[in-house]
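Colleague: Could you take a close look at one part of this model for me? I would like to understand the cysteines and what surrounds them.

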Amino acid sequence: MSAYIFGCNKDDKVMGKETLIKSSWGYGERKALKSLMPKTFLDQEVLNSLASMLTYTERLTATNCTCWFLPTTVSQYALNWSKSPKKTVDNYKEDFMSNVEVVSKIFLPINDENLHWYLLVVDMKLHQLILLDSCPCPTRDEWRKMSARVVALYLEQMFLDDRFYDNPATPKPKITNFSIVQPSDLRAQISGSHDCGVFVAQWMKECIWTDDYKDIYVSDGKRMRLALDLVLKPYNEMKQMVTALAFKNMDHLAKERKGLVNID
């Protein structure tokens, strides 16, 4: 399957735009999944598919999700103020959110000038805005903290919507009053690895029930495992079809190899 995802599909006539993922929220193309190859900057489509996968898994065990995994577009709307908080609630609540009364953590990937990914974890129990960054940069630190504050304000505006509450008397969270926390003991990405987005994905996957973020690491194996999960987990409505296509593609490649003639 990994050879099919990262390799060349003999039937792919659309230059990498072949759809391999379909969920209740959106689609994922081969071209985006190929950004999980080593030393490749992660496409936001991968993080969005991951948010859909993790939300699907969370809802298998709970009617009201205690963790929210939000697509990259939410932080983009917040930073650009290009879509009102109410409109974002209209578009995203059903697919990614639950009641505010039960939520414990909110995971929001943030992009810094299309060059770097880091993760904002809104810890609703500890009242903290936790910034997880695999490549801290002194010249960008204030911008990243300011961006976290802007996203927090946007969420606070979203939470004014009564649809988030079973009990109308529930106090609305004041997220802008949460303290910013920047753990200093996180593992750092290797120079030139472009691993920042994969670190974000690993934190989202592995830190749902723990506050221990420091032991998360990235490797080529982690990249491949993420690609396989995104394609083969039950949330993907195309899982069976893609599996069949992978076997078909493998047969095509095997026949090509048999047809090669060695000339000494």
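Modeller: Happy to. Cys207 counts as buried, at 0% relative accessibility. Please keep in mind that this is a predicted model. The closest cysteine sulfur to that of Cys207 belongs to Cys67 and lies 10 Å away, too far for a bond. Cys135 is partly exposed, with a relative accessible area of 35%. Its nearest cysteine sulfur, in Cys137, is 7.0 Å from the sulfur of Cys135, and that is too far for a bond. A disulfide needs the two sulfur atoms within 2.5 Å, and the count by this rule is 0 disulfides.

Now to helix 7, which spans residues 196-206. This helix is largely enclosed by the rest of the structure, because 9 of its 11 residues are buried. Those buried residues start with another cysteine, Cys196, and run on through Gly197, Val198, Phe199, Val200, Ala201, Gln202, Trp203 and Met204. What lies over them? The cover includes two helices, helix 3 (44-61) and helix 8 (220-232), together with strand 3 (67-69), strand 4, strand 5 and strand 6.

Strand 5 deserves a visit of its own. This strand covers residues 116-123, and 8 of its 8 residues are buried. His116, Tyr118, Leu120 and Val122 point one way, while Trp117, Leu119, Val121 and Asp123 point the other way, and all of them are buried.

Strand 5 also has partners that you can trace in the view. With strand 4 (residues 105-112) it runs antiparallel, joined by 8 bridges. If you want a place to find that pairing, look for Phe107, which stands opposite Val121 of strand 5. Strand 4 and strand 5 form a hairpin with 3 residues between the strands, and there Glu113 has a positive phi near 55 degrees.

The other pairing to follow is with strand 6 (residues 128-132), again in the antiparallel sense, over 5 bridges. Here Leu119 has Leu132 of strand 6 as its bridge partner. This hairpin has 4 residues between strand 5 and strand 6, and His127 in the turn takes a positive phi of about 55 degrees.

To put the pieces together on your screen, start at helix 7 and look outward: strand 4, strand 5 and strand 6 are among the elements that cover its buried residues. Then come back to the cysteines, where Cys207 is buried, Cys135 is partly exposed, and the disulfide count is 0.

Terms used
Residues numbered from 1 in each chain as written. Predicted model: local features only at pLDDT ≥ 70, side-chain atom pairs only at ≥ 80, totals over all residues. Heavy atoms only, no water. Buried < 20%, exposed > 50% of the residue type's maximum accessible area, 1.4 Å probe, protein only. Pairing = 2+ DSSP bridges. Contact = heavy atoms within 4.5 Å.
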